[in-house]
Amino acid sequence: MPRYFFHIDEKRHHIDTEGVDLLGLDAAKREAMTIAGKSMIDNAASDIWSSGSWSLTVADEAAQELFVVRLSTRCRDSAGSS
């Protein structure tokens, strides 16, 4: 089974050094969306609102980038203030 690495970039870079063995690229895409959704729920009131962006880069065992999931926010006036 191939191993995939899920690197998150919010205000800091979180490098996945362990990776996850998955059946293939479709499984890696599903895992990426699961991670993205969980991250948005866990951090909905913090980092993404102040930074305006969040991304998840998925790489293979050779450290080759396979795809990126990007999420962004844009608030008008003080709508993004906590």
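In this predicted model, the hairpin formed by strand 4 and strand 5 has five residues between the strands, and within that hairpin Ala-63 takes a positive phi near 65°. The two strands of the hairpin run antiparallel and are joined by seven bridges, with strand 5 covering residues 65–72. One of the pairs across them is Ser-55 with its bridge partner Arg-70, which lies in strand 5.

Strand 4 also pairs with strand 1, which spans residues 3–9, and this pairing is again in the antiparallel sense, over five bridges. Here Phe-6 stands opposite Val-58, a residue of strand 4. The two pairings of strand 4 are set out below.

| Pairing | Sense | Bridges |
|---|---|---|
| Strand 1 (residues 3–9) with strand 4 | antiparallel | five bridges |
| Strand 4 with strand 5 (residues 65–72) | antiparallel | seven bridges |

Strand 4 itself runs over residues 53–59, and because six of its seven residues are buried, this strand is largely enclosed by the rest of the structure.

Another part of the model can be followed from Asp-21, which belongs to strand 3, a strand made of residues 20–21. With a relative accessible area of 38%, Asp-21 is partly exposed, because this value falls between the 20% under which a residue is buried and the 50% over which it is exposed. When neighbours within four places in sequence are left aside, Asp-21 is in contact with Met-1, Pro-2 and Arg-3. Although Met-1 is 20 residues from Asp-21 in sequence, their C-alpha atoms are 5.8 Å apart in space. With Arg-3, the link is made by side chains, since a polar contact of 3.2 Å joins the side chain of Asp-21 to that of Arg-3.

Notes:
Residues numbered from 1 in each chain as written. Predicted model: local features only at pLDDT ≥ 70, side-chain atom pairs only at ≥ 80, totals over all residues. Heavy atoms only, no water. Helix = DSSP H or I, 4+ residues; strand = E, 2+ residues; numbered from the N terminus. Buried < 20%, exposed > 50% of the residue type's maximum accessible area, 1.4 Å probe, protein only. Contact = heavy atoms within 4.5 Å. Polar contact = N/O pair within 3.5 Å; in protein donor to acceptor, adjacent residues only side chain to side chain. Pairing = 2+ DSSP bridges.
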